[in-house]
Amino acid sequence: MKDVYILAIESSCDETSMAIVKNGKDVVALTVLTQMQVHANFGGVVPEIASRMHTENITMVLEDVLKKASMQVSDVDAIAVTYKPGLLGSLLVGIEFAKTLAYVYKKPLIKVNHLIGHIYANALNNTLEFPILALVVSGGHTELVIMEDDYNFKLLGSTMDDAIGEAYDKVARVIGIPYPGGPGIEKKALEGKITYDLPRPVLDDSYNFSYSGLKSQIINITHNLKQKGETIREADLAASFQFVAVEELTRKLELALQKTHIKNVIVAGGVSANKYLRGQVKEVCDKYQAKVNIPDFIYCTDNAAMIGAAAYPLYKRGEFADFSLNAESQASIC
Ligand code: KG4
Ligand code: ZN
């Protein structure tokens, strides 16, 4: 079969990214322009600033990715774009740009769910072996799904309140670690010990997750210590939080491994860049002789290569979007 080149666009949050991906596997070129430093001044992503920066930068990102690939837009077979979930204004910049390219160059347009993109980051330089247990851990989502085949998902459980990445970011803010909190907590935790006794979320047999109780407890601890004029051991608090936050994931993953007997696990989303999490997941999977795949670090956080990988099965099926494509802020995997 002829090689398929997809130009993929991702702009759902604060990264303007484009990639050219061959056959859903090989990253010919990838450009990621992050706005992180700008949003760090505000302690989190400011949606209005994010969309404006996407608008300023998107053409430059296209030029850069084409230059890296030594290709023209006319050389690719399709244009793929993230259309949900994410910040509406940010998504719309990418969608409008993708439509314009598809229209001018007469290329098929493929719409991709960002969360499914995170899952397909595991298909880059790798072959997905079904059935798979997929654990999606990002800034907005915490979901455990069974993937029977390409684009065939069954939701086992999801968070009942905060997402794990959101908890990392909020806890970081409370203990004074700058945005983005996830990598900051991971680094801080390396200097600390698990000394704070934090509550475990409800220990039931469902596959659902909960992070708001843990977050509230940390807010209470820091407020009480501040009121008493006592010092907060930030590193110990970060280590203690991370221990409970990751244990919540591995406990549910272990339950799923026991009950489903599935032997392939993938982890996806920004929080999967966390080395402690990667180690703990590996340990649980080893216990059940399950194979675990986690994307390379650059493909864990938001990037367009994963969108190109997720677009490939849709290209093969001829599932194309029309020019009425619009953005959706909320979405699950299935
Ligand atoms: O997938 P992603 O880049 O964007 C969303 O789709 O949400 O995930 C961003 C989230 C943020 O909450 C960020 O703090 C978290 O991933 N994150 C991490 C790490 N790197 C990014 N959390 C823990 N440890 C990390 N190393
Ligand atoms: Zn993401």
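An oxygen atom of ligand 1 lies 3.0 Å from an N or O atom in the side chain of His-114, and in this predicted model an oxygen atom of the ligand is also 2.7 Å from an N or O atom in the side chain of Asp-169. With Gly-182 the partner is a backbone N or O atom, 3.1 Å from an oxygen atom of ligand 1. The protein covers 86% of the 550 Å² of accessible area that ligand 1 has on its own (areas come from the Shrake-Rupley method with a 1.4 Å probe).

Around ligand 1 there are 18 residues, and those that come nearest are His-118, Gly-139, Asp-169, Glu-186 and Gly-270 (a residue counts as near if one of its heavy atoms lies within 4 Å). Helix H4 (114–120), helix H5 (164–174) and helix H6 (181–189) are the elements that give two or more residues to this shell, and both domain 1 (5–121 + 299–317) and domain 2 (130–295) supply at least three residues to the shell (the bounds come from an automatic or database domain assignment). Helices are DSSP runs of H or I with at least four residues, and strands are runs of E with at least two, numbered from the N terminus.

The residues that surround each site can also be divided by class, where Ala, Val, Leu, Ile, Met, Phe, Trp, Tyr, Cys and Pro count as nonpolar, Asp, Glu, Lys and Arg as charged, and the others, Gly among them, as polar.

| Site | Nonpolar residues | Polar residues | Charged residues |
|---|---|---|---|
| Shell around ligand 1 | four | eleven | three |
| Lining of the largest cavity | four | four | two |
| Lining of the second largest cavity | four | two | three |

On a 1 Å grid over the protein atoms alone, a cavity is a set of points where a 1.4 Å probe fits but cannot get out, and its lining residues have an atom within 4 Å of a point. The structure holds two cavities of 30 Å³ or more, and the largest has a volume of about 70 Å³, a volume being the space filled by probe spheres set on the points. Strand S9 (264–268) gives the most to the lining of the largest cavity, with three residues. The second largest cavity, of about 30 Å³, has a lining that includes Met-160, Phe-209 and Lys-252.

Residues are numbered from 1 along each chain as its sequence is written, while chains are lettered from A and ligands numbered from 1 in the order in which they are written. Local features need pLDDT of at least 70, side-chain atom pairs count only at pLDDT 80 or more, and totals for chains, interfaces and linings use all residues, while side-chain values use heavy atoms, with hydrogens and water left out.

Conventions:
Polar contact = N/O pair within 3.5 Å; in protein donor to acceptor, adjacent residues only side chain to side chain. 1 Å grid on protein atoms, 1.4 Å probe; cavity = no way out; pocket = protein on both sides within 12 Å on 5 of 7 lines; lining within 4 Å.
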